[in-house]
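Reader: I have a few questions about how the chains in this model meet. Please keep the answers short.

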There are 4 protein chains.
Amino acid sequence: MSFAGGRHFLQIPGPTNVPDSVLRAMAAPTIDHRGPEFGELGRTVLAGLKPVFGTTRPVVIYPASGTGAWEAALVNTLSPGDKVLCFETGHFATLWQEMARRLGLTVHFVPGDWRHGVDPARVAELLGQDGAHEIKAVCLVHNETSTGVTSRIPEIRAAIDNAGHPALLLVDTISSLGSIDYRHDEWGVDVTVAGSQKGLMLPPGLSFNAISDKALAASEKAKLPRSFWDWRPLLEAGERGYFPYTPATNLLYGLREALRLLEAEGLPNVFARHLRHAEATRAAVEGWGLEVLCADEREHSAALTAVVVPEGHDADKIRALILDRFDMSLGAGLGKLAGRVFRIGHLGSFNDLSLAGTLSGVQMGLALSGVPIRPDGVNAALDRLAAASRTDREAR
Amino acid sequence: MSFAGGRHFLQIPGPTNVPDSVLRAMAAPTIDHRGPEFGELGRTVLAGLKPVFGTTRPVVIYPASGTGAWEAALVNTLSPGDKVLCFETGHFATLWQEMARRLGLTVHFVPGDWRHGVDPARVAELLGQDGAHEIKAVCLVHNETSTGVTSRIPEIRAAIDNAGHPALLLVDTISSLGSIDYRHDEWGVDVTVAGSQKGLMLPPGLSFNAISDKALAASEKAKLPRSFWDWRPLLEAGERGYFPYTPATNLLYGLREALRLLEAEGLPNVFARHLRHAEATRAAVEGWGLEVLCADEREHSAALTAVVVPEGHDADKIRALILDRFDMSLGAGLGKLAGRVFRIGHLGSFNDLSLAGTLSGVQMGLALSGVPIRPDGVNAALDRLAAASRTDREAR
Amino acid sequence: MSFAGGRHFLQIPGPTNVPDSVLRAMAAPTIDHRGPEFGELGRTVLAGLKPVFGTTRPVVIYPASGTGAWEAALVNTLSPGDKVLCFETGHFATLWQEMARRLGLTVHFVPGDWRHGVDPARVAELLGQDGAHEIKAVCLVHNETSTGVTSRIPEIRAAIDNAGHPALLLVDTISSLGSIDYRHDEWGVDVTVAGSQKGLMLPPGLSFNAISDKALAASEKAKLPRSFWDWRPLLEAGERGYFPYTPATNLLYGLREALRLLEAEGLPNVFARHLRHAEATRAAVEGWGLEVLCADEREHSAALTAVVVPEGHDADKIRALILDRFDMSLGAGLGKLAGRVFRIGHLGSFNDLSLAGTLSGVQMGLALSGVPIRPDGVNAALDRLAAASRTDREAR
Amino acid sequence: MSFAGGRHFLQIPGPTNVPDSVLRAMAAPTIDHRGPEFGELGRTVLAGLKPVFGTTRPVVIYPASGTGAWEAALVNTLSPGDKVLCFETGHFATLWQEMARRLGLTVHFVPGDWRHGVDPARVAELLGQDGAHEIKAVCLVHNETSTGVTSRIPEIRAAIDNAGHPALLLVDTISSLGSIDYRHDEWGVDVTVAGSQKGLMLPPGLSFNAISDKALAASEKAKLPRSFWDWRPLLEAGERGYFPYTPATNLLYGLREALRLLEAEGLPNVFARHLRHAEATRAAVEGWGLEVLCADEREHSAALTAVVVPEGHDADKIRALILDRFDMSLGAGLGKLAGRVFRIGHLGSFNDLSLAGTLSGVQMGLALSGVPIRPDGVNAALDRLAAASRTDREAR
């Protein structure tokens, strides 16, 4: 393997930089998944996840990547041909509704421009038109990893409630959970889908469903074939801290440590840190004279920022140069955004100086790529970070 | 965590003892799963798996446990209502056919006594009766982890061929792959299902399908809904070493190292080591005057040995005593064998002295539990091991 | 690196098998040795060592191997030409007095047969003859790693006291500390020398001096040149948890974890475990019809057992065969014992089943080497271990 | 342990940031230091060190910190009362000559202002005055870690040669080796002293002497008492890859990996990287309107930069604020520089973006501390780094 000093800057919007102590925790010897020591591990992580989801209801853990938890949310609650309402907020919302189609559901996919989140008014309107309650579920991506746009779940919840519609609310929080404030119970979400490799600061390989009582009741009648993803055996075994099949033990070691770190920092502090980094990043983009993809001030993601590259420049070439010269990975533009944006991940385990290094790499990379920018991005970000530090200190 | 000196003996038949170097490999920082370094990793492990399966055809890797790969084998090749032929060789064969039922297949489940493998003559008979070729697949567990019985796949293959029956052959090698000689191509298997946590010496969290051309062709017409498990995107992305969704990167680091270790030892040596340990274990059981569960000399598993506990004794109490006194985990009797057998895992990364320690713990544990045994088990095993060492040396 | 399954059995009498959690602790990133986080680490390990030495007085930690701590004990307390009394109990006692000579001390080296510890009566006699108190220090090896003989420090202390002699008592506990009961304060030891790589379950690289008030007073007048080994700056900085020069930070991480493990098990349990393993090992040697080197029943080491190989057999060839066939390292005969004994280390992090595996390897290795033994060693050891387990359980 | 996201920035001038792969290498199980596997390890690292020192002559490795290697250089080559010539270039030069005094040598300590390296003309003058050749050794610190000043060894060598003086040349490269170009043989150095925790990218705990033939000859007659530090047994055992006493095995694992990384990057690239970072750092200091401590353009250290804090500001308070707010450790002013400077370490495993993060932290910390600076430091550094990247690319 080549080496040129220092650590790689992994600034894609996930997988994120895994803390050393989480990596070391994962290197402990695998134990008997039916023994008493495992039960303690299982109970610890199953309980520790609940506050992160903002729920007192059960969470199930899949030894699978986040895509699997998407499938789990659908097959446990819906029946063949059921109608679901989806919104084209970006690449991942598009993939999820494609999955729904492939599984035999009928998808109403509301077009979007990939620069806005889900419009609560549109939700209200569409559900209002569905007097027969044919729509069984509304599927949303909380934080669109492809665009850096965060949909406003509480307003959407209110829209559903105002329409008096019984549809389930299924929310993908893969790139928001543990980075952006999220409240499964308070917001009346029925199934929250999440993965390990973003705000939870773990490698990929675990995924989650948080399940409301309403979703659980729906699962009794849901008829899509299911076996591996079936909640029931997971919930039964989970009560004692076990799993119906062999779990990904060493990733669970990592999860225990990651939950300990989140608790040590305190979730409100974690969310504040991500907001601060997102603001500083947008300040940098403005400093360079470039444009952030997200077009609604209320919907800027705290987890990542997608930057629009000026016409005539290829975002992928810029990313390749930055990887080559500065050993930093940035996120590509996905789907219809390919080549037109790059994405800066500032989620997971990350701090002010790493953000400064990241933005420095972007500034140098843009300049070396010949993109016409003002060299004021990093300084603008530093001003924000210093100001936040000053304010924070005075508040103590 | 309590500590009483030394390392835990993890002698369940999987998860197995993970080599230190594999655990350390897994602790490397997670990388961008879309970057060039990942592509190299992906190509290395996808290529390195093929000789382990005995195939030149593609293998797909799921970021999921082995149960998921069972589901993948079914949903990629079959359609709702399809008839599959299954054999009750033990607990895992029973679970797999239950999954098939839940997914909407019609299962013909041939009863068994949990002490024998699949009878090739019975396969021939049943397929011979199916002149209409209604049976679309024969599902077998190569090595029944619950019983320590290994079915004779080549003879079963011959039976299918002799019957001139076109059914697909789906084989679960979860507890045999990498421990017991196995040949996907030579034996004409259509889908081989495997997991990471046994002979591959990894923690749980990865699973595999090796896929024949015939299976691939079947997948074109198969109508069970599938998305996460769908082979197509995995095969497409896999050609360049990538995955259609976020893979379990750190487990893949471990896989790369585990494949390196298997290659360093040499598969024929790996298989010979497991045969030697299985023979020594049976010698010990005979030395104690106890009975091995497997009732057919041709079907003894090289990966684990299930020991029948005399009437009036509870195998689970013996296991609990051994865990408490000697810090060793043994496998429980599962399903209808609960309390009646315990299982000694001798698969994965394991050597003569660890086996001697394991059998010593069993011998002491049986004695302390009041089971009437002769104290000749360990010595009988040591005689076998020493004899094997002598023979091996002379052969060089 | 070659691989043949399983873990190496490191049964030399040190370095010992390092627990996984200690190895992982050592892999944490190095921190600023002048920062507040380091101070906490330093205070924790400096305090945590005291009960292991059985002292309330200061302990200093050298970032150096045990040989260095020998030198430290001498140069801090003695002046050029000072007379010291040493006893030829084995190879390490011989090396220590050679060091004393090289440093300019006058050594009275009492010959021995390498099968006995220091004779308290001889100490009494020699000090009694020294009416002028020319002997400034008595240097003893508590547990002779080369012979498996443990000298009786309390009786020697009594002999010194009865002689009314003011000599300092310097004791090497390199292979006993943390494995065999030891009491720096109660036994009136002035300097206790120790290392990290035996009972403390760490890799080599740290060593220790526990220092009595009398030794500290002596250090004020001692004139051997000293700088790196000088206690004073270490004691001064140590009060706040720091070091006068860069300490071996990552080994200190390991030490913190190792002390936690010793405390979790409880020192009395640790010592009982080692006594049990030593008795079982001697039972095995007797079962084989071989002879233990230690010739005094009161002086058997709980940390290792040296086994005499019958005339006409080369202990080193036996060791080489065992390494080659069974991947186990045993200790060589050192100095005048070369080729005539091998040493079985049963110290540090070790348990009953690992001991059974170890003795199984020795039994097979002896047989394969053509040494005429009875095959009753392992069974005799298992009987002891099982009996100890029975007694222990009844005692609860 | 507290956690606030991200990794600590360890920007003291050593210990440095240890690469992940080195930390993981150190976590491998300890092996028998007398066995064949160890011999291979020993030979690999002893050979691999030579090019790093720029020597074909032997290097010895101590399981001890760098201070020990200072002592080794002196006790192996000199006799009580011997006269040595030392230069007050800073704190570490001062400590080394104090050690020499304590060991019984006669030190001529040439005063200095801590802003310059050793003056070759002064060396020439002093040796020229020593017609009787009473000066047995000249002791220099190549890179003064306390000041960021690098002495010009080749010019000093020439001065010694021109004076026709036979004194040994002993050079401390603790903070330069592996970061700054250094040539033991070419520059006629007799003993090079080094440590593991700086350019070698390891934790502290290993130290080194590279030894010229002339030094080896001197060691035959040197009369300072020595045992632990004695070169002879180390050289003898080292020929086969072993050590006369238990080596720090796990640190040697790390050394093997670190040497592999240095070779992978290529020493010329390593040195160029450090020069680039030092230049960028000085550009930042100039950008802030502050002063670098080093007063001679020819002597700027490539490994660290000491920054003078304006009158009325306390460097230690600034460092404390930066540690508290930005989780970065900087080096303190030592000795007579306490409170007046802080030191930025940019040595070891380090890259452009980490430097940018480091300088960003300093810039924000200075501003938050009320130090009057211009906010142009980071941008000036980025300009340098980008320019270097452009030049480097064009040169390919």
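Reader: How many residues of chain A are in contact with chain B?
Author: The model is predicted. Contact here is a distance test: C-beta atoms, placed from the backbone, must lie within 7 Å. Chain B puts 45 residues into this contact, and chain A's contribution is 45 residues.

Reader: Which element gives the most to the side of chain A that touches chain B?
Author: Several elements give two or more residues to that side of chain A, among them helix H1 (20-26), helix H4 (91-102) and strand E13 (328-332). By class, this side has 24 nonpolar, 16 polar and five charged residues. The top contributor, with four residues, is H3(A).

Reader: What relation links chain A and chain B?
Author: A turn of 180 degrees, with a shift of 0.0 Å along the axis, lays chain A on chain B with an RMSD of 0.0 Å. That turn and shift therefore describe a two-fold axis.

Reader: Which residue of chain A comes closest to the rotation axis?
Author: The distance is taken at the C-alpha. The closest approach in chain A is 2.1 Å, by A:Ala64. The same surface serves both copies, as 100% of the contact residues of chain A recur in chain B. The residue asked for is A:Ala64.

Reader: Which element gives the most to the side of chain B that touches chain C?
Author: This contact takes 37 residues from chain B and 37 residues from chain C. On chain B, helices H9 (249-265), H11 (315-326), H12 (352-368) and H13 (377-395) each give two or more residues. The side divides into 18 nonpolar, 13 polar and six charged residues. With twelve residues, the element that gives the most is H12(B).

Methods. Residues numbered from 1 in each chain as written. Chains lettered and ligands numbered in written order. Predicted model: local features only at pLDDT ≥ 70, side-chain atom pairs only at ≥ 80, totals over all residues. Least-squares fit on C-alpha atoms with pLDDT ≥ 70 in both. Contact = placed C-beta atoms within 7 Å. Nonpolar A, V, L, I, M, F, W, Y, C, P; charged D, E, K, R; others polar.
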